[in-house]
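Q: I am new to this structure and would like to learn how to read it. Where should one begin?

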Amino acid sequence: MSTQTSRTSPPGAQPVGPAAPELEVDERMRALEDAADAALLAPSVHGSQPWLIVLHRDRLELRADRTRQLPSLDPSGRELLQSLGAALFNVRVARAAGGWAVETDRLPRPDDPDVVAVVRPVPGAPDPRLPV
């Protein structure tokens, strides 16, 4: 999941105008993209992956995707939340393995219960309790 682009010109081509600006991807954004990739590998109830991952430049939001909830097997949404917990755990472990400390806000918006967590890379040492 990379937003980095590359531009190549044919051999001998001369630039016609100013070069198009490359997408600038800093270390923090790459770390968040890696964390999102790790979340996608998390186990979930019947492989439903009931989450949405929203990447921002400084944070990752993990949201419940209620359209992927399995109403006949999980009417209360308990297993959906367990699946989201597994995805969040993968995010945190991936960042610790990458040498990043993170700040994790769980259920940060009472007005929007589908925002399950917001994870921000922060200065400091990774959480030593996470298996890396």
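A: One may begin with a single helix and its burial, bearing in mind that this is a predicted model. In H2, the buried residues are Leu80, Ser83, Leu84, Ala86, Ala87, Leu88, Val91, Arg92, Val93, Ala94, Arg95 and Ala96.

Q: What do the buried residues of H2 pack against?

A: Their partners are H1 together with strand E1 (51-55), strand E2 (60-64), strand E3 (101-106) and strand E4 (115-122).

Q: How should the span of H2 be read against its number of residues?

A: A helix is expected to rise by 1.5 Å a residue, so the 20 residues of H2 should span 28 Å. The C-alpha atoms at the ends of H2 are 29 Å apart, which agrees. After H2 comes Gly99, which has a positive phi near 85°.

Q: How are H1 and H2 placed with respect to each other?

A: One reads the angle between the two axes. Helix H1 (residues 27-40) and helix H2 (residues 78-97) have axes that come within 8 Å and cross at roughly 140°. The two helices are therefore oblique to each other, and the crossing in which H1 passes H2 is right-handed.

Q: Which residues make the contact?

A: From H1 the contact draws on Ala31, Asp34, Ala35, Ala38 and Ala39, and from H2 on Ala87, Asn90, Val91, Ala94 and Arg95. Sorted by class, the contact of H1 with H2 comprises seven nonpolar residues, one polar residue and two charged residues.

Q: What is the secondary structure of the protein chain as a whole?

A: The protein chain has two helices and four strands. Along the sequence, these elements follow the pattern α-β-β-α-β-β. Of the 132 residues of the protein chain, 36% count as buried. Among contacts in the protein chain with a separation of 6 or more, 53% come from residues 24 or more positions apart.

Q: What sign of phi should one expect in a residue other than glycine?

A: Most residues other than glycine have a negative phi. His46, which is not a glycine, nevertheless has a positive phi of about 50°. His46 is located in the loop between H1 and E1. Gln49 also lies in the loop between H1 and E1, and its phi is positive as well, near 45°.

Q: How exposed are His46 and Gln49?

A: Relative accessibility is compared with a cut-off, and a residue counts as exposed when the value is over 50%. His46 has 64% relative accessibility and therefore counts as exposed. Gln49, at 30% relative accessibility, counts as partly exposed.

Terms used:
Residues are numbered from 1 along each chain as its sequence is written. This is a predicted model: local features need pLDDT of at least 70, side-chain atom pairs count only at pLDDT 80 or more; totals for chains, interfaces and linings use all residues. Side-chain values use heavy atoms; hydrogens and water are left out. Axes are lines fitted to C-alpha atoms, for helices over the stretch in contact, and angles run from 0 to 180 degrees between N-to-C directions. Angles under 35 degrees count as roughly parallel, over 145 as roughly antiparallel, 65 to 115 as roughly perpendicular and the rest as oblique. A crossing is left-handed if the near helix is turned anticlockwise from the far one by less than a right angle, and right-handed if clockwise. Contact means heavy atoms within 4.5 Å. Ala, Val, Leu, Ile, Met, Phe, Trp, Tyr, Cys and Pro count as nonpolar, Asp, Glu, Lys and Arg as charged, and the others, Gly among them, as polar. The expected span of a helix is 1.5 Å times one less than its number of residues. Buried means under 20% relative accessible area, exposed over 50%, partly exposed in between (1.4 Å probe, protein chains only).
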